[in-house]
Each structure stands twice: as C-alpha cells, then as structure tokens.
Amino acid sequence: MSLTLSEVEHIAELARLALTDDEKALFREQLSAILDYAAILQKVDTSAIPPTATVLPLRNVMRDDAVQPSMPVEDVLANAPAAEDDCFRVTAILDVTPS
Amino acid sequence: MLHDLTIHAAADLLRAGEISSVQLTEALIDRITDVDNDVKAYLTLLPELALEQAAESDKTIAAARAAGSLAALPPLTGIPLAIKDVITVEGVRTTCGSKILENYIAPYPATAIGKLVDSGAVFLGKTNTDEFAMGSSTENSAYFPTHNPWDLSRVPGGSSGGSAAAVAAGECLGALGSDTGGSVRQPASYCGVVGLKPTYGRVSRYGLVAFASSLDQIGTLAKDVTDAALLLGAIAGYDPRDSTSVSVPVPDYLAGIRDQGSGVRGQGSGIRGLRVGVPKEYFIPGMQPEVEAAVRAAIRVIADLGAEVREISLPHTDLALPVYYLIAPAEASANLARYDGIRYGLSVPGETLWDGYRRTRGEGFGSEVKRRIMLGAYALSAGYYDAYYLKAQQARTLIKQDFEAALRDVDVIACPTAPTTAFRIGEKTDDPLSMYLGDVFTLSLNLAGMCGISLPCGFDTAGMPIGLQLMAGAFQEETALAAAFAYEQATEWHLRRPKLEARS
C-alpha cells in the first residue's frame, strides 16, 4: 500500500511533529515500504486469537495510601525550560482576546 | 594490562590487595583517553565521580580486610562500569542519544543504578546509543556514530553500541545496556562480547527512559559469562517502583554456573542431558554463510559436552519482524508524547501551545525517532487500529505460543544472534527496512517475554566476531547462563581482544 501526502500530513499532525517538505516525501516512501512489509500479517488468520498486550499476567498492584516524602520543588523544576512561582510556565492554552 | 581484566579477575586482585580501585579506575580512564577518539563509545565521561567512588571502595575493601570479612564484600566493589545513556544516574546528564534531552540532568537514579551503587560499583561514564534506543547500529545517535573496535570502519551494532564497544575496547570492565528487540544481544554479537537480556520483569525499569514499555528490559554487556552472571545478580529483583517488575527470588547466578555437575570449572559436565533445540526457521537463505557455519559448529560443541540437541520449529518466526515494527513504534509514539518542551528538554517556542509542541518535536527528534512515532501513530489511529495494532498483538500471541510449545520439549534454544557480522558505517542508513532485517533473530524473544544471551562463537574471514544466541524461558536465566558458561569454557573465543592502537 502507498500512503498519500495528505495521510503523511495527517499522521504528523496526530504526532505533533513539524516536518519539512523533504521529510514528508521521504517518510511517505519509507513508511509505505514498511507497511507493505507488514502486510504479511494480513495473510494470517487471527480471528480466534486473543491479543497479547503484555507477557505478564495482568494484576492490580496495590500499596498503602501512606504519605511519603516527595521530590523538592526546585529539583522538579530544575530541568524546566520556563518556570514561575513554583510552576511550569506554558504558552496560553486558551485565546482570551475579547472579540 | 588492567583494562583487559574481567570483572571477576579484577575483583580477585582487589581483594588480594594487589591493585586498588583507584589504580584500576585510573587505568581505565587512561585507556579511554587512548582509544575513545577512535571508538567514540562515550557520550559523557565522569572521571571525578569515578575516582571518588573508587577511593570510597578502597576504604570499604581495607575495612573489610581489617575485619576479616572480605568474603562478604559485594562482588562489584571497586569495579569500573559504563552505563548506556538511557539509564539515569542522579545529577548526571542523560541524553538518550537525542538533541531533545541534550541538557537533561537526571533528578533521580534508576533502581538498577542504585543497586550498582550499593554493590560498590564505579561509574566511568554514559555510553552512546541510537536515539531513544531506536536503531541497530548506533548511527541514529544525534551526537556521533560509535565505531566497532574490531574494525573502526564498521558499526558496533545497536542500540547499546556504545556499551558493547566500550567493553570490547577495554574502556570499562562491564556495562549496562537496554534490550527492546535485541539492543543488548546484537551489539554484543557484533563486538565479540557477552550480552545478556534478562526476562521482562527481572530487572526494574524504573529510571530506564521508556521506548516500548511492554518490551524494554535492562541488560548487561561483559567480557565473559561469569561477569554477566555477576552483573545480573547485582541488578535483578523486584522493585515496588516498577509495577511490571516481578517478585521472583534472585538466585545466586555465579554459584549456579560454578556448581555445574562435578563442581569443577571448565569441565562443562553441568549441561549433560540439557535439552537444546535448534529452530530450523533461524537458518535462512541470505544469511552470511560464515555465521551459519560458526553457529552450527558451536551447537556441535554443545552436543559434545553432553547436551541433547534436536531440531525444533517456531512456525511463526516470519511474523516477528512486522509484529515488532508495529507494536514497538505504537508504544513509542505514546511514550514519546511526553517530550512537549514544558517540563524538561528542548523547548522551541511557537505562536500557540500546539505550534510549540510541533516545533519542539520537529527540531528535537531525529529521523528514525520521527519515523517510528509516525508509524506508531498510524498503527494506532482511527480506521487502522484493528488492521495493524490489534492484528500485531494477535500475531504476538502466536509467536509467544510457538516458544511455549517449544519449551515444553527443550530447555534452551540455540541459534545465531544476527544473520551477519557487523556491517560498514553508512551501509544501511538510507534503507530503514534493511536495517530492521538485521534484528530478525532477536525480536521474538522480547515479544515472547523470555531471556537470552549472546556470546562469541567465532570470527568471519574479515576478522569480525560472530555471536551464538542461547534463549531460555521466563526467569530461566540460570539455564541460559549454564549453557553459555559450558560452551565458553570449552572454547577460547571470549579470550580474544581487538587490537587498538593508542592515539591520544
């Protein structure tokens, strides 16, 4: 199967990746080749086969709801590109300009 | 030369008082100065931390000697190691081979690192890796490629190529790596060292930066099987901080390999009667004939040591590669969503929050990481989830069932680690699919949740090492190590070292 350019752009948007035009063209070709190879899976009848998400038996992991010391705020923020008042600083999420 | 020592030989000399950890650590730092301009195994060197830890270890050893308790010293006391740069060491830069984490200082240590600290280990530095461990050659590092110590024009394998090359080049006595689809075993094979991938759940993943969470596992790179057993013993065990680590007792792996049968090292009597399966699907057209010949010869040695060797079939082997390259990217696309330029890492401002996300990730990630995030996002997206991701998970069940059926009849599965020896730098970078095909013999183990080890079993005519892979069932590391040890003691491949000229 061959991906279209608009499919590549759609995937890049889902993945929040800014791509150059060259990258879009390259990924279109390479991802198409990889998906072609993966088509071998479609030949296998898996209708009665349960999926494996993890090799371990699924179980709940419980612990006591006890207060434990947490990392100091300055350590938490030490790698932050921007911080203010003990918080991570971000660009405005909502546009609050009056219309 | 001190840098040529195995961990167990160095530990004996440290206890006998013939060398100090500071001397040993200085010798390793000198060796790195001499050869790492060519090999380029390290991303970050930690000479001050290492010498501080070494001096501390010397005090511990002196105190134990005075108290007559040398036998109780942890086995890694004073031993200089290298750590793959996807595993956090507190206060030390952890880049994952990516520009997006170029200035990231880890605020806490991985559990495996904490355990190594408790064992008295010394950390020489952080080793190169394909970006976020995605790759098979270490060429996907955002910083520089690492070179194979046996031939500097060739790749060391990957993604733990820095760790494997550092061990092979004598730039550390042992190293930690991580293995999601073969990233410890394949570089071990290419560099002629021993690479052990423990069972999923055997070693805590806390502090291992996530790539594919249902497959990732910390593993070890070492010069011989005894060292692999020592390293695994130091890092294995249940960790409440990793809900996928498993509470299974940690055996004494060293005693396990030393007490084989007669109890005499080197006689290999411990694998008499061991049932070894050779999967016919792992000897394929297109593999390098010298690899097949060396692995078949190794299997004959194992048979001569008394193991019962038989051919087996793993019928869904051809599904492993497409299954892996859908599941691992899908998990990666979710895990790498955290790199948003807000809490840590590169941050490229945009006009809006969304724009900032796109630019940060577009500039911060390299090609292979973007490719896998895209592939994963596609496989998980509306309209394609059932055809790709769910289908891959169902086919994963078939692969797992193949191994479960095989392991009812055999104890160990023997096969090549990789279809070829190390290829040349740049040879496969333009063709991702051909790069992925090099992982064809290692992926299935991760998908099935088993353990495995790669160890040297010969060299091709170009002088490049060949790896024998021995796989065993979940939490059967003792069995894999016993088979590997018996083979190793009957052969001399593990004693060869690459010839590297000092050029500082």
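How many residues of chain B are in contact with chain A? In this predicted model, select both chains together and look at where they meet: 52 residues of chain B are in contact with 39 residues of chain A. Colouring the chain B side of this interface by class shows 27 nonpolar, 15 polar and 10 charged residues.

Next, on chain B, select helices H10 (320–335), H11 (353–364), H12, H13 (385–406) and H14 (432–437), each of which supplies at least two residues to the side that touches chain A. Among these helices, H13(B) gives the most, with 11 residues.

Now narrow the selection to helix H1 (residues 5–14) of chain A and helix H12 (residues 367–380) of chain B, which pack with their axes 9 Å apart and at an angle of about 95 degrees; the two helices are therefore roughly perpendicular to each other. Showing side chains here, you will find A:Ile11, A:Ala12 and A:Leu14 meeting B:Met374, B:Ala377 and B:Tyr378, a contact made of six nonpolar residues, with no polar and no charged ones.

Finally, leave the interface helices and move to helix H2 (residues 21–39) of chain B, which bends by about 40 degrees at B:Thr33. Its buried residues include B:Leu24, B:Leu28, B:Ile32 and B:Val35, and also B:Arg31 and B:Asp36. To see what surrounds them, add helix H1 (7–16), strand S1 (42–45), helix H3 (47–67), strand S2 (80–84), strand S3 (122–127) and helix H5 (161–168) of chain B, against which the buried residues of H2(B) pack. End the tour at B:Lys40, which follows H2(B) and has a positive phi, near 55 degrees.

Terms used: Residues numbered from 1 in each chain as written. Chains lettered and ligands numbered in written order. Predicted model: local features only at pLDDT ≥ 70, side-chain atom pairs only at ≥ 80, totals over all residues. Axes fitted to C-alpha atoms, helices over the stretch in contact; angles between N-to-C directions. Helix = DSSP H or I, 4+ residues; strand = E, 2+ residues; numbered from the N terminus. Parallel < 35°, antiparallel > 145°, perpendicular 65-115°, else oblique. Contact = placed C-beta atoms within 7 Å. Nonpolar A, V, L, I, M, F, W, Y, C, P; charged D, E, K, R; others polar. Bend = angle between axes of the 7 residues up to and from the residue. Buried ≥ 20, exposed ≤ 12 C-beta atoms within 10 Å, placed from the backbone.
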